[in-house]
Amino acid sequence: MPTMSNDNQTPAQDENRLIAERRAKLAAIREQGNAFPNDFRREHKAADLQATFGDKTKEELESLGQQASVAGRIMAKRGPFFVLQDGSGQIQLYADKEAQKALKETTGMWDMGDLVGVKGQLHKSGKGDLYVNLEEFQLLTKALRPLPDKFHGLSDQEIRYRQRYVDLMVNPEVRDVFRTRSKVISFIRQYLNDADFMEVETPMLHVIPGGASAKPFVTHHNALDVEMYLRIAPELYLKRLVVGGYERVYEINRNFRNEGLSTRHNPEFTMLEFYQAYADYKDLMNLTEDMLRKLAVEVCGSAAFTSQGVEYDFNKPFDRISVVDAILKYYPSVTREQLNDISSATDIARNLKIDVKSTWGLGKIQIEIFEETAEHKLIQPTFITEYPAEVSPLARRNDDNPFVTDRFEFFVGGRELANGFSELNDAEDQAERFMQQVQEKDAGDDEAMHYDADYVRALEYGLPPTAGEGIGIDRLVMLLTDSPSIRDVLLFPHMRPE
RNA sequence: GGGUCGUUAGCUCAGUCGGUAGAGCAGUUGGCUUUUAACCAAUUGGUCGCGCGUUCGAGUCGCGCACGACCCA
């Protein structure tokens, strides 16, 4: 079978008669002059006009003689009226017989999807809608492709994701989701900046992928002739910066993990990570609780909101409960003693159909049991604490119980939203734990970490006692926008190539 | 990776028991001209996802494949 490079693929195969007719119209417009003028300057946005003049009566508007100049896309035609949509909202246009005649004789009647500019007096129709009378008007860009069904819109999920530009044109609630996403991120930036955190950017291309347990994407740097990895987490670089003396840093950026696609996973996803010197994991739980409470008010209008049919009230204190206590709460048929004994814990795990590997210690087994029995039941906001050191290779051990670390994960709606801990700043302990990870990698765990000698060297210069946390922005936006799938909060979710 | 469902006109969808491929919107032509999914009349538009099979005959039945959605791992 002959291969075909992307470069010489033939253009769109999906030409149809509607597109051909519009191409013919465009060809006629080209004959008359500039088909793509860029000299129209609007003075008004649709939503501003609606807000300022929407309450005026027809008669008040007549006497005002308000001129309006708007630009945007034709979304509907109703008799002599057009519905124009710009970035702010919609407003009607009115073409009297004379204007309709002029349109037909110049650019041809405007089609749905065309981008136009209009100047004229603002009026109110008999039915009470504002409209701009067509006095001066220009076709700015001819749309060659028709819009989807004006009433049903675009509902095919695949086309919505693959052609997000069409989805955004015709589905206002989709535009709202991504406005909310933008507000979430800007609120978090403001919150952290106000708390004296500094935003930084660390490498996306790593020679040693680290900071998380995940399979990386591999790439190759030609000039250096080395394998490089798209980062799975920025953690180790951010902590190097704390070593360097920036005591509060954060980064909001993409991580890449070579995993499957699902309603909860995209191979690239946005993560907030932040680090605070002279603080511990409890300080970060308090910060997280305060930040999310205020964030909910900011983007939902209230700390009480509904998502996926569940009512939340972030004004209520978030639960804090240990891993083992969470298992006991949601799986009461086992006892603390059983969970703290490796042979009985193994039996419990096997009864839950968990494939217990011979390399697993008690900590890993407990976490697997937790994920199976408790995680999906953590609907209301809950901090889970006391994560075993075995599954927390970068976290500081607890002073009273060295089996666990000073770590939490935060769950809402049965999903992990955040992960934070007091950082391990004992360089020698860190070196040992890297060695342990390397052994697990050698034993076949391709998600185990590499040994990062430079990171150990940084710790040898001294990392202040520090706490750090990561918050998954996509899942947070899903929660706050009531979106069932991560694809609904990603502008361009990854799909199998067409 | 497994299961369920889906793929028919540009869009949203019907399609009965296997017997000539349908509607609304969009488009085209004309009318109407302060409409609100505008309306009225006429009219154009199909590789029924792809392939193989069963059959006199397949959108429909069978098998395989592709892509997607949802659920599970």
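Which atom of RNA strand B does a polar side-chain atom of D129 lie 2.9 Å from? Hi everyone, let's start there. The partner is a base nitrogen of the RNA strand, at 2.9 Å from that side-chain atom of D129. Please keep in mind that this is a predicted model.

Two other contacts go to the backbone of the RNA. A polar side-chain atom of N16 sits 3.0 Å from a sugar or linking oxygen of RNA strand B. With D156, a backbone N or O atom is what lies 3.2 Å from a phosphate oxygen of that strand. As for secondary structure, the elements giving two or more residues to the surface near RNA strand B are α1 (17-32), β1 (67-78), β3 (90-94), α4 (97-105) and α5 (157-162).

Now the whole surface. RNA strand B is surrounded by 37 residues, and R17, E21, S125, K127 and K150 are the closest. By class, 15 of the residues near the strand are charged, with 11 polar and 11 nonpolar. Seen from the RNA side, sugar or phosphate accounts for 61% of the strand's atoms within 4 Å of the protein, and bases for the rest.

Let me finish with a sheet. Three strands form an open sheet in the order β8-β10-β9, with antiparallel pairing. β8 (205-206) and β9 (218-221) are the edge strands; each has a single partner, so one side of each is left without a neighbour in the sheet. Between β9 and β10 (residues 226-230), the antiparallel pairing runs over 4 bridges. If you'd like a residue pair to look up, V218 has Y229 in β10 as its bridge partner.

Thanks, and I'm happy to chat afterwards!

Note on methods
Residues numbered from 1 in each chain as written. Chains lettered and ligands numbered in written order. Predicted model: local features only at pLDDT ≥ 70, side-chain atom pairs only at ≥ 80, totals over all residues. Heavy atoms only, no water. Near = heavy atom within 4 Å. Polar contact = N/O pair within 3.5 Å; in protein donor to acceptor, adjacent residues only side chain to side chain. Nonpolar A, V, L, I, M, F, W, Y, C, P; charged D, E, K, R; others polar. Pairing = 2+ DSSP bridges.
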